[in-house]
Amino acid sequence: MFNSVIAHERLYGWSALLGVVLFGRALFHLYWKKYRSGAAKQLDWLFWFRLGAIITGVLWGVGGVVLTPQESLSHKIYISFAVGGLSAGAAITMAVDRVCVNSYLFSVLVPHIVFLLTVGDKMSLGMATMMTLFLLFLLPSAKQLRLQFEENCNLRHQAIESALRFRQMLESSPIAARIADAETNQVLFANSSYMTLIDTTPDQILSIVTTAYYPNTDVYADMMRKLCHGKQVTNELVELCSPDGNSWVKWVLASYIAVEYENKSAVLGWFYDITDRKIMEEEVEKMAYYDVLTGLPNRSLFFDRLKQALIKADREKRLVGLLFLDLDKFKPVNDQYGHHVGDVLLKAVSERICGCLRRKTDSVARIGGDEFVILLPTLATIEDGVKIGEKIREELNQPFVVDGKTLDVSSSIGMSVYPTHADDEHDLIKTADIAMYYAKADGRNRINVYYEAMVR
């Protein structure tokens, strides 16, 4: 529309600048939605919002001058309608903030009014007069809208607070709900679903202190601190247990909100029981990360532990040892006595290996068949790792009694150390595996430490 009356560099330059500002405000909006938090940051958010609105208003004010051709009445009227329409929209959408709306209206309309006055012809003077009256009309209108908005907000907050205090529907809710004193944590109100959840009676409920049901009171205290800072606590996974810690344990999705109840500062909590789902998830996780037969970590979990151990070793300048263990003469046991006896033997082997590991940081995993790996993440010297391997080898060299049958097996163990023998977790397992095969080739029932001359 303006290509024929406005220089292209001016028209497209102004459009590009406006596009950049609007894009920046859009990014700010997304950032605010993601990172907005308590009241402490609200003034910072408001400052940047005002700044963005004012810059946008100034750009439109400049556009009302540089994009208005003096010689074209129709284009002049179009621009006046455009800036007027923008100002009317701003008076509604920004009315909640007086500084923002007034700054925007003056930034947009005043430059255009001054421009029209400087043109000097009768039509421009008339348009300037109308734009001035329009500005004077928008300012009190925006103020009235702001007052109405504030009044509506106050009424809405009062209605919400009253509903939280007095609604009888909490009692019939299938979701457990209770209100507790914010200072003493004593229960002030609870519905029947909550009493069922914590296994108590109406006679006892008002004497209960909520923190007695949280095995980790620090978790509860942290959630209450969030409420005090104006943050939301919604759908938090929380563990609840009986006060004696032995009768029952349950998992709930808990939400909390600060309220006033009986003229006291209180906390309203909702609790959705997901104990059955939690148990099912734990079973699924166990199947995914643990060997079904022995209960030891499987290959996936072991790789994760190994990777974390190497990261920590780099930070603390320590050695990480890996023992790769393969049973000798296990296949004849399976062939002669069947897989049932072999399975029982593997369980006994895993128990003996675990019994040889005294440090809490050491762990063992079954990665397939009769292969086990032992992680030594805080190894001082290679010799210390060899001693642990020898202890395991000697323990597995003792006879096993399975279903009345005495079984003799042994083990071949290969050892590799990070970073002496490998640069990463894959090389560490590979070199330990190579050392194990050399142990088998050297006659079995022995431990070999990897060295460079071993063929990969």
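## A tour from Ser80 to the C-terminal salt bridges

Start by selecting Ser80, which is buried, with a relative accessible area of 7%. Keep in mind as you go that this is a predicted model. Ser80 sits in helix H3, residues 73-93. Show its surroundings next: leaving aside residues up to four places away in sequence, Ser80 touches His112, Leu116, Met127 and Met131.

**Stop 2: a patch on the surface**

Now select Phe47, Trp48, Leu51 and Ile55, and switch on a surface. Together these residues make a nonpolar surface patch of about 390 Å². Ile55 belongs to helix H2, residues 42-66. Is Ile55 buried or exposed, or something in between? Its relative accessibility is 37%, so Ile55 counts as partly exposed, since the partly exposed class runs between 20% and 50%.

**Stop 3: the nonpolar cores**

In soluble globular proteins, nonpolar side chains tend to be buried together. To look at this here, select Leu323, Leu325, Ile353, Ile374 and Ile392: they have the most contacts inside the largest nonpolar core, which has 31 residues. Colour the elements that give two or more residues to this core: S6, helix H12 (330-337), helix H13 (339-356), strand S8 (371-379), helix H14 (382-396), strand S9 (400-402) and strand S11 (410-418). Which of them gives the most? That is H13, with seven residues.

Centre the view on Ile392 and display its contacts. With residues up to four places away in sequence not counted, Ile392 touches Leu323, Leu325, Ile353, Cys356, Leu357, Ile374 and Ile413. There is also a second, separate core of 28 residues, and you can find it by selecting Leu11, Leu67, Ala90 and Ala128, which are among its members.

**Stop 4: helix H11**

Next, pick out H11, a helix of 18 residues. Put a distance label between its first and last C-alpha and you should read 25 Å, close to the 26 Å expected at 1.5 Å a residue. Show side chains for Leu301, Phe302, Leu306, Ala309, Leu310 and Ala313, the buried residues of H11. What covers them? The cover includes H10, S6, S7, S8, S11 and H15.

**Stop 5: salt bridges**

The model has ten salt bridges, counting a Lys or Arg side-chain nitrogen within 4 Å of an Asp or Glu carboxyl oxygen. Three of them are worth a visit.

- Select Asp291 and Arg366, whose closest N and O atoms are 3.1 Å apart. This pair links distant parts of the chain, with Asp291 in the loop between helix H10 (275-289) and helix H11 (299-316), and Arg366 in strand S7 (residues 363-368), 75 residues apart. Both Asp291 and Arg366 are buried.
- Move to Glu316 and Arg318, a salt bridge with its closest N and O atoms 3.5 Å apart. Glu316 has 34% relative accessibility and therefore counts as partly exposed. Arg318, at 40%, counts as partly exposed too.
- Finish at Asp328 and Lys440, where the closest N and O atoms of the salt bridge are 2.6 Å apart. Asp328 lies in strand S6 (residues 319-328) and Lys440 in helix H15 (residues 425-441), so this pair ties together parts that are 112 residues apart in sequence. Asp328 counts as buried because its relative accessibility is 1%. Add Asp326 to your selection as a last step: salt bridges that share partners join Asp326, Asp328 and Lys440 into one network.

Methods:
Residues are numbered from 1 along each chain as its sequence is written. This is a predicted model: local features need pLDDT of at least 70, side-chain atom pairs count only at pLDDT 80 or more; totals for chains, interfaces and linings use all residues. Side-chain values use heavy atoms; hydrogens and water are left out. Helices (H or I, at least four residues) and strands (E, at least two) are DSSP runs, numbered from the N terminus. Buried means under 20% relative accessible area, exposed over 50%, partly exposed in between (1.4 Å probe, protein chains only). A nonpolar core is a set of buried Ala, Val, Leu, Ile, Met, Phe, Trp, Tyr and Cys residues joined through side-chain atoms within 4.5 Å. Contact means heavy atoms within 4.5 Å. Patches are made of residues with over 30% relative accessible area and no salt bridge: like charges are joined within 9 Å, nonpolar side chains (Val, Leu, Ile, Met, Phe, Trp, Tyr) within 5 Å. Accessible areas come from the Shrake-Rupley method with a 1.4 Å probe; for residues, only the protein chains shown count as cover. The expected span of a helix is 1.5 Å times one less than its number of residues.
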